[in-house]
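Reader: Could you take me through this structure? I should like to begin with the interior and then move to individual residues.

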Amino acid sequence: MITPQPPEDERTGRVEDVEAMILARLARLRGRMRREAAVDEMTCRLAVRMNVRPDEAAAHLARLSHDSGVDLLEVARSVDERHLDMPRNPPVEVPPWLHGILAAAHLPAAYLTPVTDGTGRIVDFLIATTSDHAYDMTGRPADLLRGRRLVECSPGVVRSGLLDAYLRVYETGEPFSRGPFGYVEIRDERLWPASVSVKAVRAAEGVLVTWRAHDDEERLINGWERAQRVVGLGWSEWNLATGRVFWTSEMYEMFGWDSAEGPMPLDRLPRMVPPEDVPLVEEMMFTLLEYREAVEQELRIQHRHGIRHLRLVAEPVLDQEGVPIAVRIMAQDVTAARRRERALALAHEQASRARSRAEEEHRVVVTLQDTIVPLRKGVIDLPGLLVGLRYFPGEEVEGLGGDWFKARPLPDGRVLLAIGDAMGHGLTAASLMVQMRSGLAGLAYTGAEADQLASWLNELIYHANQGITATGTAIIGHFDPSRRILNWISAGHLPPILVRDGASFLKGSVGTMLGAFEAMKYTVNTTQLAEGDLLLLYTDGIVERRGRDLDEGLNALLDAAGRCVEGDLEKDIASIIRQVGGEQSDDDICLLAFRVL
């Protein structure tokens, strides 16, 4: 599919809009930078005139701005325009030996002596003297720096923290070293960014400072070195003519090679890999030295901390005759990436196995359900009853439950009516459902009453599943068609619904669920039914929904049952399920409707 392109005029207008946005943002950024530079510069001048520290001068300007309601920059300019008297800098004697040190220094250097306030507290430094080739970050030479206060001459020492560092050097005697780092000098309300390295030591009654401004090439080299460390890159070169080898520091770490031994000879590379990877090294070196072509190869290195995966990009350096005179290799440690790939592959494999197990379990459960509960929809004629049913097994393996039902005539003339739900989902629930349904089917032919059947079924489940939590709920009853009497027990199951001039829950004793305890007794409830009554037995899948209370679901079912006016069991069941949203259930659904004849 080809995406239609906008007209040329529209594309041009869009480009111009983006350009204008970028220019506007840059202008705002530069304006903010100029404002900060102006405030910093004026603050430092005020600190010199008031003979206080710069942070105290800044606090003074902030108070003036707050009290007057005038912008901070305007307050700073107003104070600066008053031309307060500059304190005189008394002459400072410099130790004679210091002149020799400054003359021999290869870097710009300055000797700073402390400036104190009336209490003897150091508030600034005086640039007592400098080396002849000293200059500041804005290019001003030594003769413009000597004899001036440090914060007035270089306000950037405040913003960068260097002023505090020099104070610590003077007070503690501990040397200071920093860099390369980004330094911003301030001059004429402008910011002058630079990359510098600074060192400072205590010398007699002052601080000796040296600095170095790094040019663009050095910054690029430093940036490349930082990039190598961040992404795990190393670089090496083997001179084939002289045997000289150059390695960056990262190569030693990646290969696990002792730096005290110097770079690894090229012929030692086969010993660094597992035996099965030696053919890869052979092919790589043959390509470099015989075919004289660049090659990219990933090797496993036997590192002292375990196997490392290195991606190597190698090229031969050829002379004018095409003869290799050197080999250059760039290496990248991709061990972490390979570990992530293995972890993802393992997770994918485990997920595939789990999916296969789930699919197999789903097939087994569906087969069990089809075998045990083959009839899922329709109407059955029983003595004194017309029975309609609807059974929906869960579509997903985690939704497959243990719902079951039983409706059959017994030899003594009664009709066995039962519905149950084995707790849990999947194969475990289906297996328990088989135990409950089959066990009840066998026990029912003893002629025992419903309470005895429930007690026996409870013991069967409890003893057949030792060590496994296996429980279920059920309603078990006998319908006497000659008297239209239903005797029933509830083992923790949801209450039946009787539809007769409206719908209501049958009230009765509710016992403990099956399988929870070894010996349980159940109480028989007796309900007198009448011709035309509709009795509903159901499992929790029809009333339970995520985010909805069970009582809300039960009331919805009761309301739907009360609207059954069709008289046709098939239509009544379909209407109930539609009204309660049974098609949207993730769980099994089983609904039995008994019409009394």
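**The nonpolar cores**

Author: In the largest nonpolar core, which has 31 residues, L112, F125, Y166 and V198 touch the most other members. A nonpolar core here is a set of buried Ala, Val, Leu, Ile, Met, Phe, Trp, Tyr and Cys residues joined through side-chain atoms within 4.5 Å. Buried means under 20% relative accessible area, exposed over 50%, and partly exposed in between (1.4 Å probe, protein chains only).

Reader: Which elements give two or more residues to this core?

Author: They are α1 (8–50), β1 (109–116), β2 (122–130), α5 (150–153), α7 (162–172), β3 (176–187), β4 (190–203) and β5 (206–213). Of these, α7 gives the most, with 7 residues. Helices (H or I, at least four residues) and strands (E, at least two) are DSSP runs, numbered from the N terminus.

Reader: And what does V198 touch?

Author: Leaving aside residues up to four places away in sequence, V198 touches L162, Y166, F176, S177, R178, F181, V209, T210 and W211. Contact means heavy atoms within 4.5 Å. Another core, of 25 residues, lies apart from the largest one; among its members are Y252, W257, V281 and V327.

Reader: Before going on, what sort of model is this, and what are the conventions?

Author: It is a predicted model, in which local features need pLDDT of at least 70 and side-chain atom pairs count only at pLDDT 80 or more, while totals for chains, interfaces and linings use all residues. Residues are numbered from 1 along each chain as its sequence is written, and side-chain values use heavy atoms, with hydrogens and water left out.

Reader: How many helices and strands are there in the chain?

Author: The protein chain has 15 helices and 22 strands. Of its 597 residues, 43% are buried. Among contacts with a separation of 6 or more, 60% are between residues 24 or more positions apart.

Reader: Let us turn to helix α2. What span should its 15 residues have?

Author: At 1.5 Å a residue, helix α2 (residues 54–68) should span 21 Å, and its end C-alpha atoms are 21 Å apart, which agrees. The expected span is 1.5 Å times one less than the number of residues.

Reader: Which residues of α2 are buried?

Author: P54, A57, L61 and S65 are buried in α2. Viewed down the axis of α2, the buried residues fall within an arc of 75°, so they line one face of the helix. The arc is that of the directions from the helix axis to the C-beta atoms. An α-helix has 3.6 residues a turn, so residues three or four places apart point the same way. On the other side of α2, D55, H66 and D67 are exposed.

Reader: What follows α2?

Author: G69 follows α2, and its phi is positive, near 75°.

Reader: Which residue other than glycine has a positive phi in the loop between α1 and α2?

Author: That is N51, which lies in the loop between α1 and α2 and has a phi near 55°. N51 is partly exposed, with a relative accessible area of 22%. A204 also is not a glycine and has a positive phi, of about 55°; A204 sits in the loop between β4 and β5. Most residues other than glycine have a negative phi, and most peptide bonds are trans.

Reader: Where is there a cis peptide bond?

Author: A cis peptide bond joins G179 and P180, with omega about -5°. P180 is in strand β3.

Reader: Now to polar side chains. Is T138 buried or exposed?

Author: T138 is buried, with a relative accessible area of 11%, and lies in the loop between β2 and α5. Its side chain makes polar contacts with the side chains of R140, at 3.5 Å, and of R187, at 3.1 Å. A polar contact is a pair of N or O atoms within 3.5 Å; within protein, one must be able to donate a hydrogen and the other to accept it, and residues adjacent in sequence count only if both atoms are side-chain atoms.

Reader: What does the side chain of R545 reach?

Author: The side chain of R545 reaches the backbone oxygen of G581 at 2.8 Å. In addition, a polar atom of the R545 side chain lies 3.3 Å from the backbone oxygen of V580. R545 is buried, with a relative accessible area of 18%.
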